[in-house]
Amino acid sequence: MRKIKKDKKFDITVVGGGLTGTLMVSILINSGIVEKNKLCWINTDRKISTDKRVSFINYKNFLKLENNYGINLSNQKFININKIEIHNLDEVTPITLEDKFGHGVIVRNDIFRNNLRIFDNDLTVYKSKVVDTDYNEFHRYLILENGNKVNSSLVLSADGNSSALRQLSNIKFINYDLDHTIISGFLNTKNFHFNTAKQIFLKDSFIGLLPFSKNVTNFVWSLDNRILNEKNNFKYYDEILERLNTFFYKNGIYFDYPSSKNNKLQTYPINIKYVKKPFTKRLALIGDAAHSIHPLAGQGFNLSIEDCFNVMNCLHEAKNIGKDFGEISILTEYEKSTKSRKNFITLVTTILFYIFKKRNNFMNTIINLAFKNIEKTSSKQIFKFLARGY
Ligand SMILES: Cc1cc2nc3c(=O)[nH]c(=O)nc-3n(C[C@H](O)[C@H](O)[C@H](O)COP(=O)(O)OP(=O)(O)OC[C@H]3O[C@@H](n4cnc5c(N)ncnc54)[C@H](O)[C@@H]3O)c2cc1C
């Protein structure tokens, strides 16, 4: 049996040092809703993030972070996106979504995370993984790998797509493997418009392109595993460059290998996780632990940001009426407030994935006809709604 070293008591414990966990801790500290010595963070990640991926943060969330939660990114650290173009194979024209106020901003994950300054004396931090959990009427217990036992009124678990706490606390979820691999990296570019994001649907894959600097673009490439497994030594850069340069030849946009400082590729299997009820006794899931979606619309972290906002609304309500943070009515309220956006985004991104994945030439012709008509009608507002967050 594991030897329990200490038994510390907190009001709130946040698990996870990814984007969601770090944002949640930062917002909790800034709000002052919980005393410093009553807040705990279980964070096994490095203090300074090196995650060079980029995220699209929709305008609504960006403004709320800035205006309601005091999280400011200076102008040099993000790029405004005021145009989104959705391209399809054999298209006549792309669907173009323009917004003079901006759809949102692009920021590098490490810049965003490192900008959320959290100081050691702000709270108690444990650098050891959660390996077990239990609860009673008043507390949730977390047992850490190093033998410590943490005891809280409420645990907010941001432990990612493979969430250990979701498993350990028997929260039910649906897991669906999309049989695609996500490849993310950077390319040098010529004539790629600085404030435009693009999503390109090709026969065997989808490519999201986000401008990163004047001549550098970030890509998120979702590739069918059958294509990836066909070749023994799959040359990622050669393959993506061939696809992009062939596709954009008509537009005069040119892509090239990245410089050595930008040539690190990241690959992930992609699976959807749908968690109908993201809470149990004195524990709520937030971020990818509560919902993992296909990144084709760049909304995964946006849903996580909204989880943090929803948690805060529920905690403020609890505090105002003198309720304990981990009471079931507070957790039920959290679930209600996340439900419609989570369902909408999961549904739309999954439908888009299958429409564009399962196609043949006939389907593609239909899609292009639909694209042509959507461009002229208000139906394209659904894409705008998806991108902008409202
Ligand atoms: C290629 C790609 C591009 C994307 N682009 C966008 C985009 O443009 N816009 C957008 O909104 N979203 C985007 N997303 C989604 C977004 O990146 C994720 O939704 C977000 O990073 C999830 O963060 P998280 O903190 O919830 O999870 P994670 O980043 O997975 O963090 C989980 C944390 O939990 C910790 N942990 C795990 N197990 C334990 C344990 N047992 N005990 C303690 N700690 C534990 C880990 O160490 C880690 O710190 C993209 C995703 C991918 C794959």
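Are Glu 306 and Arg 341 buried or exposed? Both residues are buried, and we will come back to them below. Please keep in mind as you read that this is a predicted model.

## The ligand and its shell

Let us begin with the ligand. It is surrounded by 29 residues, and the closest of these are Thr 20, Asp 45, Phe 56, Asp 288 and Phe 301. By character, the shell splits into 13 polar residues, eleven nonpolar ones and five charged ones. Two domains are involved here: domain 1 (7–55 + 117–175 + 272–348) and domain 2 (69–110 + 176–270 + 359–388) each contribute residues to the shell, so the ligand lies between them.

Several backbone atoms come into play around the ligand. Gly 18 places a backbone N or O atom 3.1 Å from a ligand oxygen. On the nitrogen side, a polar backbone atom of Val 130 is 3.0 Å from a nitrogen atom of the ligand, and a polar backbone atom of Gly 298 is 2.9 Å from a ligand nitrogen. Taken on its own, the ligand has 1000 Å² of accessible area, and the protein covers 85% of it. Helices and strands both take part: α1 (19–31), β3 (54–58), β12 (174–190) and α7 (300–320) are the elements that supply two or more residues to the shell.

## Salt bridges

The whole structure holds 14 salt bridges. One of them brings us back to the opening pair: Glu 306 and Arg 341 are joined with their closest N and O atoms 2.9 Å apart. This bridge ties together distant parts of the chain, since Glu 306 sits in helix α7 and Arg 341 in helix α8 (residues 328–357), with their positions 35 residues apart. As noted at the start, both partners are buried.

A second pair worth a look is Lys 52 with Asp 110, whose side chains meet at 3.0 Å, N to O. Here too the bridge connects distant parts of the chain: Lys 52 belongs to the loop between β2 (39–42) and β3, while Asp 110 is in helix α3 (residues 109–115), 58 residues apart. The two ends have their own surroundings. Lys 52 has a relative accessible area of 41% and is therefore partly exposed, whereas Asp 110, at 3%, is buried.

Asp 51 also forms a salt bridge, in this case with Arg 53, and the closest N and O atoms are 3.2 Å apart. The relative accessibility of Asp 51 is 19%, so it counts as buried, with the cut-off for that label being under 20%. Arg 53 has a relative accessible area of 30% and is partly exposed. Elsewhere, a network of salt bridges links Asp 204, Lys 231, Glu 239 and Arg 243.

## Helices α2 and α8

Helix α2 (residues 59–69) has a set of buried residues: Tyr 59, Asn 61, Phe 62, Leu 65 and Tyr 69. Just past the end of this helix, Gly 70 adopts a positive phi of about 65°.

In helix α8 you will find Thr 349, which is buried at 0% relative accessibility. Its C-alpha atom is 7.1 Å from that of Ile 293, although the two residues are 56 apart along the chain.

## Buried residues in strands and a loop

Which strand holds Thr 189? Thr 189 is in strand β12, one of the elements that give two or more residues to the ligand shell. With a relative accessible area of 6%, Thr 189 is buried, and its side chain makes a polar contact of 3.3 Å with the side chain of Thr 217.

Phe 219 is part of strand β15 (residues 216–224). It is buried, having a relative accessible area of 1%. Between the C-alpha atoms of Phe 219 and Asp 159, 60 residues apart along the chain, the separation is 25 Å.

Finally, Ser 128 lies in the loop between β8 (124–126) and β9 (130–135). This serine counts as buried, with 6% relative accessibility, and its side chain reaches the backbone nitrogen of Asn 146 at 3.0 Å.

Note on methods
Residues are numbered from 1 along each chain as its sequence is written. This is a predicted model: local features need pLDDT of at least 70, side-chain atom pairs count only at pLDDT 80 or more; totals for chains, interfaces and linings use all residues. Side-chain values use heavy atoms; hydrogens and water are left out. A residue is near a molecule or strand if one of its heavy atoms lies within 4 Å of it. A polar contact is a pair of N or O atoms within 3.5 Å; within protein, one must be able to donate a hydrogen and the other to accept it, and residues adjacent in sequence count only if both atoms are side-chain atoms. Accessible areas come from the Shrake-Rupley method with a 1.4 Å probe; for residues, only the protein chains shown count as cover. Helices (H or I, at least four residues) and strands (E, at least two) are DSSP runs, numbered from the N terminus. Ala, Val, Leu, Ile, Met, Phe, Trp, Tyr, Cys and Pro count as nonpolar, Asp, Glu, Lys and Arg as charged, and the others, Gly among them, as polar. Domain bounds come from an automatic or database domain assignment. A salt bridge is a side-chain nitrogen of Lys or Arg within 4 Å of a carboxyl oxygen of Asp or Glu. Buried means under 20% relative accessible area, exposed over 50%, partly exposed in between (1.4 Å probe, protein chains only).
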